[in-house]
Amino acid sequence: MVVRDIEPLHPDRPKSRPAPVVVSPTASTPEKKEKLTVVSAPSNSELSFKAMLSRPVIRRPKLQDLRIGVRSPGLDDTSWKRLSRGDLKVDAKLDLHGYIVQDAFERLIEFMHRAKSRNWRCVEVVTGLGSGATSGLIRRELPLWLQRSDIRPMVLAVVHPHSANHGSVRILLRTKRR
């Protein structure tokens, strides 16, 4: 199929890069070679508005931003109530008191991946409240660390186990079905 005689709809627009020419032998006559032109699909900028609307849109579910103490979609009432009241059994606890921020971050990442591999349901991370002008950095950075693309898919919900103490959080994790 040759598309040399087709005229562009909008001649004033800049032309896209030339289509590559693929040369392949035909099955009937191996000594003759026929030139085939491969036409690439137009990019979004070259499509008309109507054509763009008719294209199927693939939507990937976006994980909601993680906030401490806020119930996320997909979590049942019973689990949420047990987690927020502090009635859910904690499988493991990570204490980050006294660590430098970078070391605390590395330990948290290792801990979360270990929790996933061991199929733990609920873990507790103690950051401490901090004291002084520059302290409490780990506590403030923890929600950002949990938003990372490698950690966020593991997490269902995060709460403070005690309303008066914001120095620790309990994390409800997604588990594999058994």
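This is a short tour of the structure open in your viewer, one selection at a time.

**Stop 1: the whole chain**

Show everything as a cartoon, and keep in mind that this is a predicted model. The protein has 4 helices and 6 strands. Follow the chain from its start and you will meet them in the pattern β-β-α-α-β-α-β-α-β-β. Now switch on a surface: the accessible surface of the protein comes to about 13400 Å², and 54% of that belongs to carbon and sulfur atoms. Of the 178 residues in the protein, 28% are buried. Contacts link distant parts of the sequence too: taking the contacts with a separation of 6 or more, 62% are between residues 24 or more positions apart.

**Stop 2: helix α3**

Select residues 101–117, which form helix α3. How far apart should the ends of this helix be, at 1.5 Å a residue? The 17 residues should span 24 Å, and the end C-alpha atoms are indeed 24 Å apart, so the two values agree.

Next, show the side chains of A104, F105, L108, I109, F111, M112 and A115, the buried residues of α3. Turn the view until you look down the helix axis. These buried residues fall within an arc of 165 degrees, so they line one face of the helix. On the face turned away from that buried side, look for the exposed residues E110 and S117.

What covers the buried residues of α3? The cover includes the strands β3 (92–95), β4 (122–126), β5 (155–159) and β6 (168–173), along with the helix α4 (137–146). Before leaving, step past the end of the helix to N119, which follows α3 and has a positive phi, near 60 degrees.

**Stop 3: the largest nonpolar core**

Which residues have the most contacts inside the largest nonpolar core? They are M112, L146 and I171, in a core of 25 residues. Colour β3, α3, β4, α4, β5 and β6, since each of them supplies at least two residues of this core. Helix α3 gives the most, with 7 residues.

Zoom in on M112. Leaving aside neighbours within four places in sequence, M112 is in contact with L146, I151, M154, V155, I171 and L173. Apart from this core lies another one, of 9 residues. To find that second core, select L75, L83, L88 and C122, which are among its members.

**Stop 4: helix α2**

Select residues 77–85, helix α2, and show its buried residues S79, W80 and L83. They cover an arc of only 100 degrees around the axis, which puts them on the same side of α2. The face turned away from them carries the exposed residues T78 and R85. Strands β4, β5 and β6 are included in what covers the buried residues of α2. Just after this helix you will find G86, with a positive phi of about 90 degrees.

**Stop 5: L94 in strand β3**

Move to L94, in strand β3. Is L94 buried or exposed? With a relative accessibility of 5%, L94 counts as buried. Its contacts, leaving aside neighbours within four places in sequence, are R107, L108, F111, E124, V125 and V126. Try the distance tool on one of these pairs: L94 and E124 are 30 residues apart in sequence, yet 6.3 Å apart in space, C-alpha to C-alpha.

**Stop 6: S168 in strand β6**

Keep E124 on screen and add S168, which lies in strand β6. A polar contact of 3.4 Å joins the side chains of these two residues, S168 and E124. At 5% relative accessibility, S168 counts as buried. Beyond its neighbours within four places in sequence, S168 is in contact with E124, V125, V126, T127, V159, H160 and P161.

**Stop 7: R152 in a loop**

Finish in the loop between α4 and β5, where you can select R152. R152 is buried, with a relative accessible area of 5%. Where does the side chain of R152 reach? Follow it to the backbone oxygen of V155, at 2.7 Å. V155 has already appeared on this tour, as one of the residues in contact with M112.

Methods:
Residues numbered from 1 in each chain as written. Predicted model: local features only at pLDDT ≥ 70, side-chain atom pairs only at ≥ 80, totals over all residues. Heavy atoms only, no water. Expected span 1.5 Å × (residues − 1). Buried < 20%, exposed > 50% of the residue type's maximum accessible area, 1.4 Å probe, protein only. Arc of directions from axis to C-beta. Contact = heavy atoms within 4.5 Å. Polar contact = N/O pair within 3.5 Å; in protein donor to acceptor, adjacent residues only side chain to side chain. Core = buried A, V, L, I, M, F, W, Y, C linked by side-chain atoms within 4.5 Å. Areas by Shrake-Rupley, 256 points an atom, 1.4 Å probe, with all protein chains shown as cover.
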